[in-house]
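Student: Could we go through this structure together? I keep meeting terms and want to know what stands behind them.

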Amino acid sequence: MGPREVSSDSLAQSPSNRPEIAMDTIFSAQDKFKQDLGLSKVKVVHNQNYKRHGTKSYVSALHRYKFKTTKPGPYFHVDKVTQHGILPEQLKAAVGGIVRTERILVKKVDSGDGGDGHTGEVTAEDQQNDSMYICEIGIGEPVQKLLVDFDTGSADTWVRTKEDKGAHEGHNVFDPKKSKTFKKLSGMKWQIQYGDGSTASGNCGSDTLVVGGLSIKNQTIECATKLSREFSQGTSDGLLGLAWGKINTVTDAGEADPQSTPVENMIKQDDIPKSSELFTSAFYSSRDKGAESFYTFGYIDQGLIKKSGQSIHWTEVDNSQGFWSVLSESCTIDGESIDLSGNTAIADTGTTLALMSDKVVEKVYEKIPGATYDFLNQGFIFPITVKADDIPEIKVAVGDKEYLIQKEDLAFALTDDKQHWYGGIQSRGFMPFDILGDTFLKSVYSIWDQGNRRLGLVPKIQATQSLDPPPDDGGADGGEKERITSLDLVTNQKYLV
């Protein structure tokens with residue numbers, strides 16, 4: 001049976017427990033598609049410039065999701081009323097001008113534990129401005145190679161260009177003038193504003209995007225012409241959005257005009273069979289020697305499925321808000337089940353930590369000897385003397401199946417005093433949903449089946465759980481590492497093979 005003959009009905013059955021014969025048919029179709037197009041894995045580069053830091057990663061999550069905290073700490077959001085407009089001052093007092101409320105992240109300064117000090121600006125130094133994982137893509141004809149973040153929590157695909165004079169030293173930049181296939185999209189602009197006020201913006205064009213050997217035609221490329229200084233500190237050359245296009249930020253003549261993501265455009269192409277309207281991800285910790293993280297586009301890695309000894313378990317995705325949102329209605333901690341009826345979670349490769357409700361987070365750290373909530377770190381920490389056997393077995397539901405989180409990923413990063421671990425699971429504050437970031441995703445092989453609006457997971461637990469400080473923990477080895485630029489990574493292929 002050829003790839004065009006795969007029945008959509010077989011893919012649209014109940015998300016859980018499809019017959020094996022259906023998956024065999026799908027695998028067969030994907031094998032032919034992979035061979036015909038010469039598809040290959042997209043190697044995930046473990047960014048050696050990345051320095052783990054628990055609090056900075058939490059601050060980045062606060063920026064990303066703008067949630068109010070339930071636990072005390074230096075960082076918190078305030079709602080600030082701002083007034084805009086061109087009315088004369090005497091009339092503003094009467095009619096109020098144009099008033100809106102903005103949620104702004106601030107930090108306490110010159111205060112002790114829980115003190116009432118003044119608030120100050122959150123700077124680039126307060127947050128994690130680099131990415132743990134980056135991947136190679138190509139744009140245009142001839143192909144220009146760049147290293148970007150792959151982010152299931154974003155729908156924008158933007159890259160550095162030479163038009164931004166201040167933020168591309170040491171970076172690969174896309175030059176539209178050197179691509180024969182680039183077409184400028186007149187009137188189209190984009191701008192992303194993050195919770196700290198930092199921005200990325202520019203104009204748009206369309207070109208061919210190449211990822212894992214798959215050419216995606218007429219992809220809208222958001223070309224950065226202005227980047228805040230925070231971006232100059234990162235290693236990547238841009239971002240590839242893997243959420244749904246409805247949250248894309250492109251405008252046309254000032255009006256919202258969301259553009260399709262690369263996977264949405266891939267699905268529209270005539271040469272993509274129904275069974276290949278997906279991408280997959282497998283992340284490993286830098287502690288896991290010899291294990292290589294990767295993405296695939298258009299096919300599932302059957303070897304990893306066979307190695308797990310389990311079938312893919314499918315869960316329906318609610319994409320109404322543009323994210324990979326799934327039901328997550330229970331968790332189990334050392335055999336004790338916690339009912340989370342009605343709870344949902346967003347699976348997000350762009351968030352490092354897992355953020356969960358306080359009742360779950362508190363129960364997790366109650367089980368770890370010496371664990372405590374720390375105000376200055378703004379998170380739960382536990383002593384580095386804790387062994388893997390001392391950490392509870394934590395399972396989190398996605399759909400109607402629970403998945404074990406690796407114990408080693410609960411020991412996310414050393415605190416500044418090097419005497420404690422910052423936990424990989426932290427409070428979601430007043431957010432009404434969980435965020436399943438890398439702490440969770442490193443324990444599973446994920447099949448992001450966008451064409452069928454479902455998420456497939458297979459357990460992927462390392463046989464040995466190591467709580468040794470990982471190589472990318474800032475200062476863990478007692479010395480500074482040589483900084484590698486994205487330019488070095490692309491030109492010096494030993495980092496990519």
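Tutor: Sure, let's take the terms in turn.

Tutor: This is a predicted model, where local features need pLDDT of at least 70 and side-chain atom pairs count only at pLDDT 80 or more, while totals for chains, interfaces and linings use all residues. Residues are numbered from 1 along each chain as its sequence is written, and side-chain values use heavy atoms, with hydrogens and water left out.

Student: How many helices and strands does the chain have?

Tutor: There are 9 helices and 31 strands. Both are DSSP runs numbered from the N terminus: helices are H or I with at least four residues, strands are E with at least two.

Student: Why is His-77 called buried?

Tutor: Buried means under 20% relative accessible area, exposed over 50%, and partly exposed in between, using a 1.4 Å probe and protein chains only. His-77 is at 7%, so it counts as buried. You'll find His-77 in strand 2, residues 75-84.

Student: What is His-77 in contact with, leaving aside neighbours within four places in sequence?

Tutor: Contact means heavy atoms within 4.5 Å. By that rule His-77 touches Leu-62, Lys-66, Phe-67, Lys-68, Arg-103, Ile-104 and Leu-105, once neighbours within four places are set aside.

Student: Leu-62 is in helix 3, right? What makes helix 3 "mostly covered"?

Tutor: Count the residues: 9 of the 12 in helix 3 are buried. Among them are Gly-54, Tyr-58, Leu-62 and Tyr-65.

Student: How do you know what span to expect for helix 3?

Tutor: The expected span is 1.5 Å times one less than the number of residues. For helix 3 (residues 54-65) that gives 16 Å, and the model has 17 Å from first C-alpha to last, which is close. Lys-66 follows helix 3, with a positive phi near 55°.

Student: Why is Cys-223 not in a disulfide?

Tutor: A disulfide is a pair of cysteine sulfur atoms within 2.5 Å. The structure holds 0 disulfides. For Cys-223, the nearest cysteine sulfur belongs to Cys-204 and is 7.2 Å away, so the cut-off of 2.5 Å is not met. Cys-223 is also buried, with a relative accessible area of 1%, and Cys-331 counts as buried at 0%.

Student: What makes a set of residues a nonpolar core?

Tutor: The set must consist of buried Ala, Val, Leu, Ile, Met, Phe, Trp, Tyr and Cys residues joined through side-chain atoms within 4.5 Å. The largest one here has 70 residues, and Phe-150 is one of those that touch the most other members, along with Ile-137, Tyr-295 and others. Apart from that core lies another of 17 residues, including Tyr-58 and Tyr-422.

Student: Which residues does Phe-150 contact, neighbours within four places aside?

Tutor: Its contacts include Val-42, Cys-135, Leu-240 and Thr-349.

Student: Why are strands 22 and 26 called edge strands?

Tutor: Two strands pair if DSSP finds at least two bridges between them. The open sheet of 4 strands runs in the order 22-23-27-26, with antiparallel pairing. Strand 22 (372-374) and strand 26 (411-414) each pair on one side only.

Student: How do you know that strands 26 and 27 pair?

Tutor: They share 3 bridges in the antiparallel sense, and at least two are needed, so they qualify. One bridge links Leu-414 to Trp-421 in strand 27.

Student: And is Ser-446 buried or exposed?

Tutor: Buried, because its relative accessible area is 1%. Ser-446 is in strand 30, residues 444-449.
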